[in-house]
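Please look over the model shown here. The report below goes from the whole chain to single sites.

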Amino acid sequence: MNRLLVTGGAGFIGSNFVHHVVAHTDAHVTVLDALTYAGHTASLAGIPADRLTFIEGNIADAELVDGLFSTVDAVVHFAAESHNDNSLHDPRPFLDTNVVGTYTLLEAARRHERRFHHVSTDEVYGDLELDDPQRFTETTPYNPSSPYSSTKAASDLLVRAWVRSFAVQATLSNCSNNYGPFQHVEKFIPRQITNVLRGIRPKLYGAGANVRDWIHADDHSSAVLAVLDRGVIGETYLIGADGEKDNKTVVETILQLMGQPADAYEHVTDRAGHDLRYAIDASKIRAELGWAPRFGDFDAGLADTIAWYRDNEAWWAPSKDATEAFYASKGQ
Ligand code: NAD
Ligand code: TDX
């Protein structure tokens, strides 16, 4: 699989994946990205020109997609509308990209008989109680809560149906919350880091008891490569790094790492339908594909991420004011 098409490769995880592929394989990467508010070509800076072709376009453009599939061996599909808060405000783009866009790619994979990997989220499983000893596994029933997670669940089911009905050579992965460089400032961790850098108090939804299971984006990338390389067609692999933390603890850690008092944050209006807890049991990918995360220490990964935002204000500053104005309009 020497020629890869990466959809959403100018977004947060997609760009981390492209950097990972260029560093760890000989593959040539073509990125297809619509450059929505969440996509930045600057996230791909530094990649040698002979390793990367960038195509600006929409995954729901069947003609464009058809032409691109004939030029590659395999497709890794990251492109999505990805933010829960935006999906509560305006769900329509989530249906267009996550559902119709994925359908368009699957039809091309079917016509061109190309290997296809679909990147998805643990949010398709709904949420867990704080004291539930069980974590999500590949057999947990789907129970999505938000417009975002329901459209991701729909896209997963389309992939499974295209494997069964049309023998498309696809795999799926569902990963927990990612952190690392190149993440949009609308998301929890970069929002709080850049708030502190701007002298704004971090904003915690509700009491901050909600738990997320954090994984570094580079570990997500190595897991996706493992599935692409050794995954069994039709199978789903859950990806996680045993990184459960409640939001209050994460905000306090960011403040401490940035030299601020641990209580220098505010509670703001909670998210509607806010999922309580996500937690991944990644036994299958560890045992069957021999994958393991490299970033075991969350606080060290967070410190690296804080340093990245400190050093790369030119990357995030253009999005910051509009993002905060949107949150302010909702009391968040
Ligand atoms: P992101 O919002 O940072 O990036 C999405 C990228 O897709 C952007 O570059 C955007 O321009 C592009 N895009 C959007 N609509 C498009 C369209 N119609 N055609 C072409 N390109 C389009 O998202 P992310 O956080 O990097 O997430 C990437 C994938 O990983 C998504 O499928 C998401 O569901 C999944 N995921 C994310 C997380 C997380 O913690 N962020 C966790 C698990 C899974
Ligand atoms: O300002 C904030 N304050 C706050 O307390 C923001 C932006 C978020 N939060 C909370 C909400 C969540 O409990 O922090 C937690 C994380 O929020 P997000 O970064 O918005 O992530 P989440 O909703 O958990 O979804 C993320 O992980 C799964 C990604 O955005 C999804 O794309 C992925 O599928």
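Of the contacts in the protein chain between residues at least 6 apart in sequence, 81% join residues at least 24 apart. The model is predicted. Its protein chain holds 11 helices and 13 strands. The radius of gyration is 19 Å, close to the 20 Å that the globule rule gives for 332 residues, so the chain is as compact as a globular protein of that length. Along the principal axes, the C-alpha atoms fill a box of roughly 55 × 45 × 40 Å. Buried residues account for 48% of the 332 residues.

**A buried leucine**

Leu 68 sits in helix H2, residues 62-69. Is Leu 68 buried or exposed? Leu 68 has 22 other C-beta atoms within 10 Å, and 20 or more make a residue buried, so Leu 68 is buried. Beyond its neighbours within four places in sequence, Leu 68 contacts Leu 5, Thr 30, Leu 32 and Ile 55. Take Thr 30: it is 38 residues from Leu 68 in sequence, yet the two C-alpha atoms are 8.7 Å apart in space.

**A helix pair**

Helix H6 (residues 188-198) packs against helix H8 (residues 247-257). The angle is about 35°, and the axes are 10 Å apart. H6 passes H8 in a right-handed crossing. On the H6 side, the contact is made by Phe 188, Ile 189, Gln 192, Ile 193 and Val 196. H8 contributes Asn 247, Val 250, Val 251, Ile 254 and Leu 255. By class, this contact has 8 nonpolar residues, 2 polar ones and no charged ones.

**The shell around ligand 2**

How many residues surround ligand 2? The count is 16, and the closest are Ser 82, Thr 121, Lys 187, Phe 188 and Tyr 205. Two elements, H6 and strand E8 (203-205), give two or more residues each to this shell. E8 provides the largest share, 3 residues. Phe 188 has two roles here: it is one of the H6 residues in the contact with H8, and it is among the closest residues to ligand 2.

The table sets the two sites side by side by residue class.

| Site | Nonpolar | Polar | Charged |
|---|---|---|---|
| Contact of H6 with H8 | 8 residues | 2 residues | no residues |
| Shell around ligand 2 | 3 residues | 7 residues | 6 residues |

How values were computed:
Residues are numbered from 1 along each chain as its sequence is written. Chains are lettered from A and ligands numbered from 1 in the order in which they are written. This is a predicted model: local features need pLDDT of at least 70, side-chain atom pairs count only at pLDDT 80 or more; totals for chains, interfaces and linings use all residues. Axes are lines fitted to C-alpha atoms, for helices over the stretch in contact, and angles run from 0 to 180 degrees between N-to-C directions. Helices (H or I, at least four residues) and strands (E, at least two) are DSSP runs, numbered from the N terminus. A crossing is left-handed if the near helix is turned anticlockwise from the far one by less than a right angle, and right-handed if clockwise. Two residues are in contact if their C-beta atoms, placed from the backbone, lie within 7 Å. Ala, Val, Leu, Ile, Met, Phe, Trp, Tyr, Cys and Pro count as nonpolar, Asp, Glu, Lys and Arg as charged, and the others, Gly among them, as polar. A residue is near a molecule or strand if its C-beta atom, placed from the backbone, lies within 6 Å of it. A residue is buried if 20 or more other C-beta atoms lie within 10 Å of its own, exposed if 12 or fewer, and partly exposed in between; C-beta atoms are placed from the backbone. The radius of gyration is taken over C-alpha atoms; the globule rule is 2.2 Å times the number of residues to the power 0.38.
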